[in-house]
Amino acid sequence: MISSVKHSSAAIGITDLVPRGSPSVRPQMASIPLISATKGPNLSLAIRKPLYLASPEGFGFGSRDGFMSAAEPRGFALRCGAYEADRSDSVEISHQETRSAASQKVKIGIYFATWWALNVVFNIYNKKVLNAFPYPWLTSTLSLATGSLMMLISWATRIAEAPKTDFEFWKALAPVAVAHTIGHVAATVSMSKVAVSFTHIIKSGEPAFSVLVSRFLLGETFPVPVYLSLVPIIGGCALAAVTELNFNMTGFMGAMISNLAFVFRNIFSKRGMKGMSVSGMNYYACLSILSLLILTPFAIAIEGPQMWAAGWQTALSQIGPHFIWWVAAQSVFYHLYNQVSYMSLDEISPLTFSIGNTMKRISVIVSSIIIFHTPVQPINALGAAIAILGTFLYSQRRKREGDSKQVE
């Protein structure tokens, strides 16, 4: 490998600069940074790999004002050999980056697997509780209360670091909490009236609500392929609803309201929480606490302690002590699966999260059908498949849109 510096048509080698018979001088070695090619009007330097070049100071050249000087007149050219630098440093860095990327993928995979598993378990126990104790407002309140208590204990015992918040943080969180409360209660009401699988099929239509709200209320525009991806979502949800054997309008409307509420929750969260340095785990903990304060008076007013007491005694007489464990399990797993989902948002993009959410619904729908022996007609299954496929296509279109914006 040769590095050359040309200044004129004349050329002399390094050996010509040293008088014959003079004692050999050990040249000092200097590192040349990695450069692909550098060209100037009278300068040509081509180096493809890191090089070490012998300093010409030992050959009669001096340094003046940072530039080499010599007694030789203008019109000289210097040509010297160069050798490749040790590549061990770059190889080590490359291996470290590879290991880091691999560990990040494993971490995200663990988050997703945990998130899906916890969500499946929650939906199973939640449906069992609602079948025996059809009071969704109290069930929703207990879920938020359990999660809030768990986090308060974690902060008090310093298992988890308490977030540093101020009035502005809670002010920005308030509309998010309102939307979260409505969405949570509406979904629970839906699952108390219809099958878990049907609720999640309808909830897979959330991207359609997101696009429509962003378009007509916020004035955002989307590429045509994004709008086209909504067709299978809406069509699949409609087909599944029409062919549902145990269709219930309250359950259907609960799932639709939940979709709309969670869309507004995401919008408020993006707008109000920018610049807030709170981890995903603590963010959801604060959201649960505020939602609990909002929900509790409404739950008391709509259902009330008398209905709860009567329903509780009926459930215990029919199910036995296992009912208490069902309530505890659905409350704990509700908080855990939401906490893990918010923690995963710290590691991945919202679009990747959206794809993961689609896969989560598939696991919930399939597992609930198997466990509860939900009767499903082929046409109903086709509608569910079309809706979920449309959700996946929507996520892919939004991902491509985000990638193109980054390129621009």
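# Chatting through a predicted model

Visitor: Starting with valine 178: is it buried, exposed or partly exposed?
Guide: Valine 178 counts as partly exposed, at 39% relative accessibility. Keep in mind that we're looking at a predicted model.

Visitor: OK, and where is valine 178 found?
Guide: You'll find valine 178 in helix H4. Valine 178 also helps make a nonpolar surface patch of about 510 Å².

Visitor: Who else is in that nonpolar patch with Val178?
Guide: Besides Val178, the patch is made by Ile182, Phe247, Met249, Met253 and Ile257.

Visitor: Which helix gives the largest share of the nonpolar patch?
Guide: That's H8, with 3 residues. Helix H8 covers 249-272, and both H4 and H8 supply at least two residues each.

Visitor: Back to H4. How many residues does H4 have, and how far does it reach?
Guide: H4 has 27 residues, and from the first C-alpha to the last it reaches 39 Å. That is close to the 39 Å expected at 1.5 Å a residue.

Visitor: Where does H4 bend?
Guide: At alanine 174, by about 35°. A proline, proline 175, follows within four residues of that spot.

Visitor: What about H9, where does that helix bend?
Guide: H9 bends by about 30° at leucine 295, and here too a proline follows within four residues, namely proline 297.

Visitor: What span should H9 have?
Guide: H9 runs over residues 280-302, so with 23 residues at 1.5 Å a residue it should span 33 Å. The end C-alpha atoms of H9 are 32 Å apart, which agrees.

Visitor: What comes just after H9?
Guide: Glycine 304 does, and it takes a positive phi of about 90°.

Visitor: Which residue other than glycine has a positive phi near 55°?
Guide: That's histidine 373. Histidine 373 sits in the loop between helix H12 (350-372) and helix H13 (378-407). Arginine 158 also has a positive phi, about 60°, although it is not a glycine. Look for arginine 158 in the loop between helix H3 (136-156) and helix H4 (167-193).

Visitor: Why does histidine 373 count as exposed?
Guide: Because its relative accessibility is 67%, and exposed means over 50%. Arginine 158 is exposed too, with a relative accessible area of 75%.

Visitor: New topic! Where is tyrosine 135, and is it buried or exposed?
Guide: Tyrosine 135 lies in the loop between helix H2 (88-132) and H3. Tyrosine 135 is buried, since its relative accessible area is 16% and the cut-off for buried is under 20%.

Visitor: So what is tyrosine 135 in contact with?
Guide: Setting aside neighbours within four places in sequence, tyrosine 135 is in contact with Glu303, Met307, Trp308 and Gly311. Tyrosine 135 and alanine 299 are 164 residues apart in sequence, yet 9.5 Å apart in space, C-alpha to C-alpha.

Visitor: And serine 229, what's that in contact with?
Guide: Leaving out its neighbours within four places, serine 229 is in contact with Gly390, Leu393, Tyr394 and Arg397. Serine 229 is part of helix H7, residues 224-242, and at 5% relative accessibility it counts as buried.

Visitor: How far apart are arginine 398 and proline 223?
Guide: In sequence, 175 residues; in space, 9.2 Å from C-alpha to C-alpha. Arginine 398 belongs to helix H13 and is partly exposed, with a relative accessible area of 22%.

Visitor: What does methionine 359 touch?
Guide: Methionine 359 touches Trp116 and Phe392, not counting residues up to four places away in sequence. Methionine 359 is in helix H12. Its C-alpha is 9.8 Å from that of threonine 391, and the two are 32 residues apart along the chain.

Visitor: Zooming out, how many helices and strands does the protein have?
Guide: The count is 13 helices and 10 strands. The protein has 408 residues, and buried ones make up 39% of them.

Visitor: Last one: what share of contacts join residues at least 24 apart?
Guide: It's 85%, taken among contacts between residues at least 6 apart in sequence. As for the outside, the accessible surface comes to about 22,900 Å², and 63% of that belongs to carbon and sulfur atoms.

Key: Residues are numbered from 1 along each chain as its sequence is written. This is a predicted model: local features need pLDDT of at least 70, side-chain atom pairs count only at pLDDT 80 or more; totals for chains, interfaces and linings use all residues. Side-chain values use heavy atoms; hydrogens and water are left out. Buried means under 20% relative accessible area, exposed over 50%, partly exposed in between (1.4 Å probe, protein chains only). Patches are made of residues with over 30% relative accessible area and no salt bridge: like charges are joined within 9 Å, nonpolar side chains (Val, Leu, Ile, Met, Phe, Trp, Tyr) within 5 Å. Accessible areas come from the Shrake-Rupley method with a 1.4 Å probe; for residues, only the protein chains shown count as cover. A salt bridge is a side-chain nitrogen of Lys or Arg within 4 Å of a carboxyl oxygen of Asp or Glu. Contact means heavy atoms within 4.5 Å. The expected span of a helix is 1.5 Å times one less than its number of residues. The bend at a residue is the angle between axes fitted to the seven residues ending there and the seven starting there.
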